[in-house]
Amino acid sequence: MRSAGRSWLLLTGFILFYVIYLLFGALIFSSIERPVEEKLRHDMEVLKREFLNQSCVSAASLDDFLLRVLAANKYGVSVLGNVSVTSNWDLAASMFFANTLVTTIGYGQATPLSDTGKAFSIFYALIGVPFTMLVLTACVQRLLYPLVLAPVSLLQRSGLEPRSATAFHFMLLLFLVVLCFFVAPAAIFTVVEGSWTFLDGIYFCFISLCTIGLGDFVPGMQSGQKYRPLYLGSVMVYLFLGLMMMYLLLRTFHKLSDIHGLTTLLQLPRCEDSDSDEDRDPIVDRGEASQSQTEKAASRPLEPGSQVSYNTISKG
Amino acid sequence: MTLTPQEEREVVATVMKWKTVTAIFLLVVLYLVMGAAVFRSLEQPHESEQRLAILSQKLQFLSRHSCVNQSQLEELVKQVVSAIRSGVNPAGTLTNNSSLWDLSSAFFFAGTVITTIGFGNISPHTEGGRIFCIVYALLGIPLFGFLLAGVGDQLGTIFGKGIDKVEKMFVHGEISQTKIWVISTLLFVLFGCLLFVALPAAIFKHIEGWSALESLYFVVITLTTIGFGDFVAGENTTSGSDIEYMDYYKPVVWFWILVGLAYFAAILSMIGDWLKVISKRTKEEVGEIRAHAAEWTANVSAEFKETRRRVSIEIHDKFQRAASIKRKLSSELGFSPASELTLPKRTVSVNFNNERDRNEKEAGLHCSTPSATNGTLTMNGPDPERGEISIIEHLK
């Protein structure tokens, strides 16, 4: 009875802390972005006035025109230049769209316009999202042994004690992932996408790999992009691999916190080890084999598509 | 290199799983390609339509207002588009529009970042904003993950209690466990769909003015955390409309997202469990077959060993008995060292005779002894068995 009460207390504590965190974020975002927005609005006003002054266009017709531009832009149709050659719905771009749908990234720079498209998206997502989650989970299970368990046991055999071995390994893995999946792709994006800075590249990588997918930066949307299908295909591969690595990181971190006792402290569900035999070996080789890891994993992986929060929720 | 049985099992399991993983991966790729083809066939016509429409608008505008040349217009449109991307709506008077970064909208934005929905109708444009967004998400996503896990657990307990009640209701009906489980899961799914999908969709339809399909589309896209951002509740996304939202609208939407996500998570884990059970069953079945095969071979070899053992023991026993008889015979015929065999010799000899007969019998030589010997034996009195033992002891 006491433990149930304690879990409720913890939950309310979490919710409270979460709300505070949101408020804090809101304040900071507001203070950073609002001045810029004001300036932009002011600039727009000036622009409009200038335009109206030097032309015969009436304000009403301009507004009307702008509204239509707005509507078209919402659907990704640009009005600049001639009719742009790149479609948002050729096969490569459609596949990219399907990929953003099933990984739950969901950029939104191109969204289904037709009713049938919307209905199809619903069904496609409902089936595809769990499916992708399953694939990612299966892949990570396979990768867990060579990338995590084997190196950790190697470290232990070379003399480190279990806790520091796991921590050191986690740091190493984190560093490698950041290097290969954030820094390197950002550099590549800076080169390929003309208008992106390095920070924009890192921002894009992070927002995509956490499956937030705001959509303010989407690769391959510039007009005149060479080898667009190949480019989009490689971005898709990068996203999939990146999601896998993020999930792996999260699993490793969860196991690490299990060993260091964090999960028991916060009364969180322990890292669930799957039904396979090799996963039952704890990261700590034989030493702390007494730790039974039978409870359901509550932590969901950061990415994907899966997970509840698909992403945040277990991908475990 | 010889593997222990456990290692062997692991190797086999690994091999099997790689095959499964590649199979599933190929399936996903196929799924993506199929989706791409369907999306293309559905959407491209519409896109071309839109494009033609806006192009004709542009030409119309240019022709109607001849003092505007193309480049000027392009310049204006470029600025307008970037303004729209920053969330500033250039149509209408720009002073009345509410900011996209006032506290409640920023709160909503922070929420979309943490839940990884990421609508994108608002996004940070300054460098500082973007860096902060990264850091914020790094900490906030796991935090939200824990929260969701907690909420999901509570939902699960409520669901479990509900199942118990349902089971109690059905106890008299003698319905099997699996049926109850299936029925309760269906009820859970239906009830949850009603509460977290259908009801909110209806509310959105009413308040936001979307069509039924659009509301459902928004609900699904949001609760799966895809979050395109073409429809966002509370952000007035349908162009040309100006909806007055109540103050508590956005927080309520937010709370719905939280519980709805937990619900979807529960459904997902249920699907995952089913898939695990199915895969476990197939694994078990395959494992059973292999176990049967192993058992059969083990049995056969064990039986073989047993037969060999029995035969060898029998032979050994017979050999031993033959040897002991031989010794008795030889000692009886005169080379026996025991001095105690004088007086009781007769008796002993009688016993011996009897013993010999008995031994002969035991050695399987199957001599039939007349009952007279038994009579003499009983005259002497010693218990046949005890006598036998004592004599054999003597012999030794």
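Are Phe204(B) and Trp210(B) buried or exposed? I looked up both in the predicted model: Phe204(B) is buried, and Trp210(B) is buried too.

**Entry: the ring pair in chain B**

I then checked how these two rings sit against each other. The centres of Phe204(B) and Trp210(B) are 6.1 Å apart and the planes meet at 45°, so I logged the pair as tilted. The reasoning rests on the cut-offs: under 30 degrees would count as stacked and over 60 as edge-to-face.

**Entry: chain A overall**

I turned to chain A for its general layout. I noted nine helices and zero strands. Read along the sequence, the pattern is α-α-α-α-α-α-α-α-α. Chain A has 316 residues, and 55% of them count as buried. For contacts in chain A with a separation of 6 or more, I found that 59% come from residues 24 or more positions apart. I put the exposed area of chain A at about 13200 Å², with 68% of it supplied by carbon and sulfur atoms.

**Entry: aromatic pairs**

I searched the whole structure for aromatic pairs and obtained 26 over all chains. One of them joins Phe181(A) to Tyr238(A); I recorded it as stacked, with 6.3 Å centre to centre and 20° between the planes. This pair links distant parts of the chain, as its members are 57 residues apart. Phe181(A) belongs to helix α5 (residues 162–192) of chain A, and Tyr238(A) to helix α7 (residues 228–259) of chain A. I checked burial for both: Phe181(A) is buried, and so is Tyr238(A).

I also followed the ring pairs onward from these two. Phe181(A) and Tyr238(A) belong to a cluster linked by ring pairs, whose members include Phe96(A), Tyr107(A), Phe189(A), Trp196(A) and Tyr203(A). Phe204(A), Phe217(A) and Tyr231(A) are also among the members.

**Entry: from chain A to chain B**

Which residue lies over the face of Tyr203(A)? I found Arg130(B) there, at 5.3 Å from the ring centre. Tyr203(A) is one of the residues in the cluster above.

Next I looked up Thr211(A). I placed Thr211(A) in the loop between α6 (198–209) and α7 of chain A. Its relative accessible area is 0%, so I entered Thr211(A) as buried; the cut-off for that is under 20%. What does the side chain of Thr211(A) make a polar contact with? I noted the side chain of Thr116(B) as the partner, at 3.5 Å.

Notes
Residues numbered from 1 in each chain as written. Chains lettered and ligands numbered in written order. Predicted model: local features only at pLDDT ≥ 70, side-chain atom pairs only at ≥ 80, totals over all residues. Heavy atoms only, no water. Phe/Tyr/Trp six-rings, centres within 6.5 Å; stacked < 30°, edge-to-face > 60°. Helix = DSSP H or I, 4+ residues; strand = E, 2+ residues; numbered from the N terminus. Buried < 20%, exposed > 50% of the residue type's maximum accessible area, 1.4 Å probe, protein only. Lys NZ or Arg CZ within 6 Å of the ring centre and 35° of its normal. Polar contact = N/O pair within 3.5 Å; in protein donor to acceptor, adjacent residues only side chain to side chain. Contact = heavy atoms within 4.5 Å. Areas by Shrake-Rupley, 256 points an atom, 1.4 Å probe, with all protein chains shown as cover.
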